[in-house]
Amino acid sequence: MLVVALVLLYAGSRCFHQVYYDPSAEPSAAVVTPTIQNSPDGETFTIPAPPKPLFEQISDSDLLANATFTGVVRRDGRLYWTYDPSQKQGKQACPT
Amino acid sequence: MMKRRWYQLASLLALHSAWGMEAKWLCNPVLSCHSCALAWFACPVGVLVHYASYGLFPFVAVGTMLLVGTLVGKLLCGWVCPFGFVQDLLHKIPSRKFHLPAWTNNIKYLVLIFMVLLLPYFLGEATDWIFCRYCPAAALQVTLPNFIASGLQMSSATLIKFGVLAIVLIGAIVSSRSFCRVLCPIGALLAPLNYISFWVVKPARGACIACKKCDDVCSTDVKPSARLLNGVPANRSLDCIVCHDCKYACEGRQAAAAVMAGAK
């Protein structure tokens, strides 16, 4: 059983889960669009922020930590974030 | 027994000292709600409920539980679990004491199977039928402080949770570790590992005088004398919480130790 436990822990370390961003969620207000100034003509170009990825791959340990506050939910056969993981949230309580 | 109380008190304080920091990626196999503002670790029950709702196998959580259980069995139940500590203290309150029938020890396996695994899997973690909605540890650590902080705002869910807490606490007063024996899903998960754990409560070889003192002090009524008389470790039982109270109470062991001391 010790071997089984170690195998499970090893499997957990190699296991990754795709967690999708909620497509209906507002884009993050912290996104900054950089500008470049073309010096001879003084023209400025605005480079749009890179598109938000469709999903993020997280480890089983990260999913475990997110499970403690329902940071991830399952909908339509996929896992979705319930918050913006790029924003520091601090301690969170589980609504269950 | 006194030594164990100090360990339990230290665990209670240590497990609830996360002023800002936390390690919620690690499951601590004791009943301590991870929604508590001071909690360091994840509660295995909450993690299993969420993973069941995800339809995923919790490799890290189960691996951790199996590792701890294989090494020490249910030792953490007897020496670390804060809710077990609360029950032990409540049982000290003078009152009429009862022994629960042995069949009630099987209820926790149904709680584990249905309220932790199957119902979240089929109905999602938002269903009202998951263990966390009725967990007495969560009621004590999270619901009660939130209830006080919100200005005593009561909802039906809060009322039910407090009702369950009250029943469990009264049960702890009149019957030792009744929640652990009857309802705790973590105890149900770790119980079989008592039979194979490396940690043993060693019998006093050849010193048993069948005084049954060990049965009298046993917290979970698992009759250690039946095993000790046959040279089997006392903790080879599903519901033993490896508290070692039987070992410390053993008169045969004490007599043998006195003889040994006298011989020296």
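Of the 96 residues in chain A, 22% are buried, a residue being buried if 20 or more other C-beta atoms, placed from the backbone, lie within 10 Å of its own, exposed if 12 or fewer, and partly exposed in between. The model is predicted: local features need pLDDT of at least 70, side-chain atom pairs count only at pLDDT 80 or more, and totals for chains, interfaces and linings use all residues. Residues are numbered from 1 along each chain as its sequence is written, while chains are lettered from A and ligands numbered from 1 in the order in which they are written.

**Confidence**

The pLDDT is the predictor's confidence in each residue, from 0 to 100. Chain A averages 76, and 58% of its residues score at least 70. Within chain A, helix α1 (residues 2–14) has the highest confidence, at a mean of 93, and strand β2 (residues 35–38) the lowest, at 54. Residues 28–32 of chain A have a pLDDT below 50, and this stretch has three contacts in the model beyond near neighbours in sequence. Two residues are in contact if their C-beta atoms, placed from the backbone, lie within 7 Å. Where pLDDT is low, the predicted coordinates should not be read in detail.

**Fold of chain A**

Chain A contains two helices and six strands, arranged along the sequence as α-β-β-β-β-α-β-β. Helices (H or I, at least four residues) and strands (E, at least two) are DSSP runs, numbered from the N terminus. Among the contacts in chain A with a separation of 6 or more, 59% join residues 24 or more positions apart.

Four strands of chain A form an open sheet in the order β4-β1-β6-β5, with mixed pairing. Because β4 (55–59) and β5 (72–75) of chain A each have a single partner strand, they stand at the edges, and one side of each is left without a neighbour in the sheet. Neighbouring strands of this sheet are turned by 45 degrees against each other on average, direction ignored. The pairings are listed below; two strands pair if DSSP finds at least two bridges between them.

| Strand pair | Sense | Bridges | Opposite residues |
|---|---|---|---|
| β1(A) and β4(A) | antiparallel | five bridges | A:Tyr20 and A:Phe55 |
| β1(A) and β6(A) | parallel | two bridges | A:Val19 and A:Leu79 |
| β5(A) and β6(A) | antiparallel | four bridges | A:Val73 and A:Tyr80 |

Helix α2 (residues 60–67) of chain A packs on the sheet, where it touches β1 (16–20), β4 and β5 of chain A, and its direction makes about 100 degrees with that of β4(A). Axes are lines fitted to C-alpha atoms, for helices over the stretch in contact, and angles run from 0 to 180 degrees between N-to-C directions.

**Contact with chain B**

The axes of α2(A) and helix α3 (residues 59–72) of chain B come within 8 Å and cross at roughly 90 degrees. That crossing makes α2(A) roughly perpendicular to α3(B), since angles of 65 to 115 degrees count as roughly perpendicular, those under 35 as roughly parallel, those over 145 as roughly antiparallel and the rest as oblique. In this contact A:Asp60, A:Ser61 and A:Leu64 meet B:Phe59, B:Val60 and B:Ala61. The residues divide into four nonpolar, one polar and one charged. Here Ala, Val, Leu, Ile, Met, Phe, Trp, Tyr, Cys and Pro count as nonpolar, Asp, Glu, Lys and Arg as charged, and the others, Gly among them, as polar.

Overall, 32 residues of chain B are in contact with 24 residues of chain A. The largest share of the chain B side, nine residues, comes from α3(B).
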